Amino acid sequence: VQLQASGGGLVQAGGSLRLVCAVSRRTLRTDVSGWFRQAPGKEREFVASIRWSTGSTYYRNSVKDRFTISRDNAKNTVYLQMNSLKPEDTAVYFCGTSKYPSPMPDWFDYWGQGTQVTVSS
């Protein structure tokens with residue numbers, strides 16, 4: 001399984017970005033696709049995830065009212081629409097796949113290469 005993340009960039013606070021994660025194939029072990037982020041000197045943290053089979057979504061509290069995760073089953077693609085971005089959202093964003101929903105990165109088996117999101121104040 002290969003994942004390709006894209007869509008990052010530089011944006012001013014209050015702006016928006018849409019991240020895209022293309023998944024090469026889906027299996028029983030990849031029913032969940034999620035986004036994590038990692039800022040310099042910090043651990044990788046959960047942002048949002050979605051279950052392919054049910055469409056159920058999960059969010060970290062600090063992004064719940066600003067970010068929206070969605071999927072396109074036909075394209076095997078997951079999106080993360082990020083609105084009202086804040087400087088503290090600055091990080092490298094990674095997409096990954098897991099068999100079960102979890103906020104723990106260790107539960108995710110496959111990862112994309114990461115895309116940089118920088119929010120200026």
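User: How many of the 7 residues of β5 are buried?

Analyst: In β5, 5 of the 7 residues are buried (under 20% relative accessible area with a 1.4 Å probe, protein chains only; exposed is over 50%, partly exposed in between). That's why β5 is described as largely enclosed by the rest of the structure. Strands are DSSP E runs of at least two residues, numbered from the N terminus.

User: Before I go on, what kind of model is this?

Analyst: It's a predicted model, where local features need pLDDT of at least 70 and side-chain atom pairs need 80 or more, while totals for chains, interfaces and linings use all residues. Residues are numbered from 1 along each chain as its sequence is written, and side-chain values use heavy atoms, leaving out hydrogens and water.

User: Ok, back to the strands. In which sense do β4 and β5 pair?

Analyst: Antiparallel, over 6 bridges; strands pair if DSSP finds at least two bridges between them. For instance, V32 stands opposite R51 in β5.

User: What does G41 do in that hairpin?

Analyst: G41 takes a positive phi near 75° in the hairpin of β4 and β5, which has 6 residues between the strands.

User: And how many bridges join β5 to β6?

Analyst: There are 3, and β5 runs antiparallel to β6, which covers residues 57-59. One of the contacts puts I50 across from T57, its bridge partner in β6. β5 and β6 also make a hairpin, this time with 5 residues between them, and G55 in the turn has a positive phi of about 80°.

User: Switching to rings: how many aromatic pairs are there?

Analyst: The count is 4, taking Phe, Tyr and Trp rings (six-membered ring for Trp) with centres within 6.5 Å; under 30 degrees between planes is stacked, over 60 edge-to-face, the rest tilted. One of them is F36 with F46, which sits edge-to-face at 5.6 Å centre to centre with 75° between the planes.

User: Where in the chain are F36 and F46?

Analyst: F36 is in β4 (residues 32-38) and F46 in β5 (residues 45-51), 10 residues apart, and the pair links distant parts of the chain.

User: Are those two buried or exposed?

Analyst: Buried: F36 has 0% relative accessibility, and F46 has 8%.

User: What about F108 and W111?

Analyst: Their ring centres lie 5.7 Å apart with the planes at 40°, so that pair is tilted. F108 is buried at 5% relative accessible area, whereas W111 is partly exposed at 27%.

User: Which residues do ring pairs link into a cluster?

Analyst: F36, F46, F108 and W111.

Key: Helices (H or I, at least four residues) and strands (E, at least two) are DSSP runs, numbered from the N terminus.
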